[in-house]
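Please look over this model with me. My notes follow as numbered points, and they are meant to be read beside the structure.

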Amino acid sequence: MNQNIIDRNRRTKWYTDARFGMFIHWGIYSIPARGEWVRSVERIKKEDYDGFINEFYAKNYNPKEWAKLAKKAGMKYAVLTAKHHDGFCLYDSKVSDFNSMNAPCKRDLVKEFLEAFRAEGIKVGLYFSIIDWRHEDFPHYGDLHHPMRDNEEYKDRKHNFNRYLEFMHAQVKELVTSYGKLDLMWFDFSYADMRCEKWKAKELMEMVRTYQPDIICDNRLEGSAEYAGTIRSLNPSSYAGDFASPEQMIPPEGIRDEAGNPIPWEACITLNNNWAYHAHDKHFKSAKLVIRMLVECVSKNGNLILNVGPNAAGEIPKESVEILEEVGEWMKYNEKSITGCGLSEFPKPEWGRFTQRGKFLYAHVMEEQVGAICLNNMAGKIKKLRLLKDNSEILLTNYWNLKEYSEHAFFFFDSKASDCYPLPDEIDTVVEIELK
């Protein structure tokens, strides 16, 4: 087996057990409150956008509350945007003055985040944008995404991209050397010909691993949300990443390499329709949908990292809080079917999904059935069934109308029932099946 794959499997053991994480997009783009791409979308000039730093007070920023919320929701790791595409840093960067220490808050917000989440036993990661729309040597005119991409004033401006790379690598070095052990680094993002060695990716990863040998990284130094890169090959590059990062979707059948072996992956999905705070975006996903997304990811051997976008004051929107608290209420009783679980040896049932950990199979029943619930081709394979929420016994049934289907196993939630009935939990009723 390729050594990069062996190392990847070792590093990602905790990650593939964790399954559920919190993404946090926060920065001065929370002040205009129209999403984190506002500078690009609205073609805002540097001198106009820079002024937002003077309004960044973060007066209600309390990462201890964020961490408690994540823990309550059953999240096992969290990733904060240390620097997004606009170049603003939430930490005390020595190579850029465009950072939170020079904003009115005068705080190293990354440091506080890491301390708070570690205190709750949550693994910690940082998001870092390898592009930077503020740096004078990052391509402006003609770039696919730069705010000044079609501004004729910048048409003949020259850029020293190697100087930009020195700056970008220096910022990454600050993060991996200044804040103790980091569990995850989320690089974003490659596009067009801006990928791989354009970033001096091999050198960058060697530096990161020198200081953080156990850190895991996503695949976006090489790939993007549209292209996974060599992580799906049997000979991945040294900067192919430890996990794939499909965005705003869940892959139809999970993600595997070219030989059919599962590889670590994580669906990164927003709670509403924007990554960062958007004052008018109230289209939030329900707790029911979030739970079912999480179960779907785990049933396909993947993770879900769910995003929240705090406002400029540092407050997670109340809608997000309420949703995560409801998710946490379900996780309080059913986490055993998520953490440490993955793809089942049995095919997807018509009434929901399976997750599995060793001899324990978890039936996530999401749809009411006419009559008994069928466990296809499982007759003689089951030792016992329990409702996961309270460990109450569930009996297999051999009701008269099931006798000709002897290759299957069947059960009712109520042993006295023989017809339609409401599910104990209409979101997702979980049955723990101990296999023989």
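1. Start with one strand pair. β6 and β7 run parallel to each other, and five bridges hold the pairing. One bridge to find is that of Thr 270, whose partner in β7 is Asn 307. Bear in mind throughout that this is a predicted model.

2. Now widen the view. The sheet here is open and has seven strands, with parallel pairing. Read across, the order is β5-β4-β3-β2-β1-β7-β6. At the edges stand β5 (216-217) and β6 (266-270), and each pairs on one side only. A reminder may help: strands of a sheet pair through backbone hydrogen bonds, either parallel or antiparallel.

3. Next, look for a helix on this sheet. Helix α7, residues 161-178, packs there. Which strands does α7 touch? They are β2 (77-83), β3 (123-129) and β4 (184-188). The direction of α7 makes about 170° with that of β3.

4. Move on to the five-stranded sheet. This sheet is also open, but its pairing is antiparallel. Its strands come in the order β8-β9-β14-β11-β12. Why do β8 (352-357) and β12 (392-394) each have one side without a neighbour in the sheet? Both stand at the edges with a single partner strand, so one side of each is left free of a neighbour there. From one strand to the next, the twist averages 30°.

5. Pick out one pair in this sheet. Strand β11 (residues 382-387) and strand β14 (residues 429-435) run antiparallel and are joined by five bridges. Ile 382 has Leu 435 of β14 as its bridge partner.

6. A helix packs on this sheet as well. Helix α9, residues 287-299, touches β8 and β9 (360-365). The angle between the directions of α9 and β8 is about 55°.

7. Finally, check for enclosed space. How many cavities of 30 Å³ or more are there? The count comes to one. The largest cavity has a volume of about 100 Å³.

8. What lines the largest cavity? The lining has 16 residues. Nearest the centre lie Asn 272, Tyr 277, Phe 284, Gly 309 and Pro 317. By class, the lining holds seven nonpolar, six polar and three charged residues. Two elements, β7 (303-308) and α10 (318-334), each supply at least two lining residues. So look again at β7: this strand also pairs with β6.

Methods. Residues are numbered from 1 along each chain as its sequence is written. This is a predicted model: local features need pLDDT of at least 70, side-chain atom pairs count only at pLDDT 80 or more; totals for chains, interfaces and linings use all residues. Side-chain values use heavy atoms; hydrogens and water are left out. On a 1 Å grid over the protein atoms alone, a cavity is a set of points where a 1.4 Å probe fits but cannot get out, and a pocket is an open set with protein on both sides within 12 Å along at least five of seven lines; lining residues have an atom within 4 Å of a point. Grid points are joined across faces, edges and corners, and a volume is the space filled by probe spheres set on the points. Helices (H or I, at least four residues) and strands (E, at least two) are DSSP runs, numbered from the N terminus. Ala, Val, Leu, Ile, Met, Phe, Trp, Tyr, Cys and Pro count as nonpolar, Asp, Glu, Lys and Arg as charged, and the others, Gly among them, as polar. Two strands pair if DSSP finds at least two bridges between them. Axes are lines fitted to C-alpha atoms, for helices over the stretch in contact, and angles run from 0 to 180 degrees between N-to-C directions. Contact means heavy atoms within 4.5 Å.
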